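Biologist: Could you take me through the geometry of this model and the packing behind it?

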Amino acid sequence: MTTPTSIDATEQLLASRDYVADRQLATAVFLALKLQRPLFLEGEPGTGKTEIAKVLAAGLGAELIRLQCYEGLDIGAAAYEWNHARQIMEIRLAEAAHETAAGAREQLAAGLFSERFLIERPLLRALRPPTLPYRVPPVLLIDELDRTDEPFEAYLLEVLSDFQITIPEWKTVKADTPPVVILTSNRTREIHDAVKRRCIYHWVDYPSAAREFEIVRRKVPQAQAALSRQIVVFVQELRTMDLYKLPGVAETIEWSRALLALDAVALDPETVNNTLGMLLKYQDDIARVQGSEAARIVEKIRSEVAASSAG
């Protein structure tokens with residue numbers, strides 16, 4: 001598929017893969033594609049940041065190359081490393097063949113740092129030409145960058161600004177056509193300004209009730225509209241509370257699927273109490289909502305439904 005040529009076309013591309021984006025997010029994605037700039041998505045966990053990269057890769061017909069970040073991530077795991085075992089074997093073979101002359105040694109040393117001894121990791125692989133069956137540059141997802149440390153951020157600057165990686169022992173590898181680069185952060189720590197300056201920045205917030213209902217409708221189409229609306233209202237109400245971890249869209253979808261599996265047609269306090277673990281991931285949060293608070297929210301939803309029906 002060709003790159004979308006407008007914001008509307010970008011919205012349609014995302015919607016074709018059941019991703020319901022607001023206008024600001026669609027604009028940020030369009031500009032990232034149009035200007036060939038990395039897109040930095042920051043926001044709470046479960047708001048759909050990672051999904052953007054998956055949807056774009058599927059919609060563009062591109063390979064998704066994912067670099068999952070973690071504490072202690074280094075160049076060897078993120079960009080490239082040399083196949084030391086194979087290099088040592090090459091040296092042993094040369095010694096066995098008595099290739100000890102000065103010229104032969106120099107040639108061997110130069111050959112040890114060539115492409116056939118190079119192991120490509122996600123960052124380097126994303127800069128290389130696409131391989132069949134793909135015909136367009138890949139989507140590179142650098143997921144949860146906030147889990148890494150500042151030295152790794154500094155290493156990324158060359159990739160983000162010039163779409164290239166310098167390998168001191170060999171050469172600089174530069175992409176013929178830049179990949180689509182998506183970076184995400186859950187903001188467990190601040191990312192350095194130098195990274196953000198090289199990207200188009202967008203904060204991914206929790207969706208409005210209307211947009212979340214549309215998301216549930218697309219992701220869990222088997223659920224009745226009335227139940228989906230109650231689920232969304234319940235989750236939106238939880239997000240107004242002072243909880244340790246607010247439920248994201250991912251939790252809304254999973255809860256909807258769970259309630260569907262239980263053959264629920266409407267929310268009731270008992271079902272809510274028994275399934276809160278699908279929404280909330282900390283016991284303190286569950287204990288706060290269970291019981292009277294859950295009953296209060298359910299009763300509030302019922303009253304609103306009754307009032308709207310009477311109107």
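The exchange below turns to one helix, the nonpolar packing and a few backbone angles.

Modeller: This is a predicted model, in which local features need pLDDT of at least 70 and side-chain atom pairs count only at pLDDT 80 or more, while totals for chains, interfaces and linings use all residues. Residues are numbered from 1 along each chain as its sequence is written, and side-chain values use heavy atoms, with hydrogens and water left out.

Biologist: At which residue does α8 bend?

Modeller: Helix α8, a DSSP run (H or I, at least four residues; strands are E, at least two; both numbered from the N terminus), covers residues 150–162 and reaches 19 Å from its first C-alpha to its last. That is close to the expected 18 Å, the expected span being 1.5 Å times one less than the number of residues. The bend, taken as the angle between axes fitted to the seven residues ending at a position and the seven starting there, is about 30 degrees and falls at L156.

Biologist: Which element gives the largest share of the largest nonpolar core?

Modeller: A nonpolar core is a set of buried Ala, Val, Leu, Ile, Met, Phe, Trp, Tyr and Cys residues joined through side-chain atoms within 4.5 Å, where buried means under 20% relative accessible area, exposed over 50% and partly exposed in between, with a 1.4 Å probe and protein chains only. The largest such core has 36 residues, and Y80, L123, I142, L145, I165 and L183 have the most contacts inside it. Elements giving two or more residues to this core include β2, β3, α6 and α8. The largest share, five residues, comes from α8.

Biologist: Which residues of α8 does L123 touch?

Modeller: Contact means heavy atoms within 4.5 Å, and residues up to four places away in sequence are not counted for L123. The buried residues of α8 are F152, E153, Y155, L156, V159 and L160. Among the residues that L123 touches are L67, I142 and I165, and, from α8, F152, Y155 and L156.

Biologist: Is E144, with its positive phi, buried or exposed?

Modeller: Most residues other than glycine have a negative phi, and most peptide bonds are trans. E144, in the loop between β5 and α8, has a phi near 60 degrees. With a relative accessible area of 16%, E144 is buried.

Biologist: Which two residues does a cis peptide bond join?

Modeller: The bond has an omega of about 10 degrees, and one of its residues, P133, is found in the loop between α7 and β5. The two residues joined are L132 and P133.
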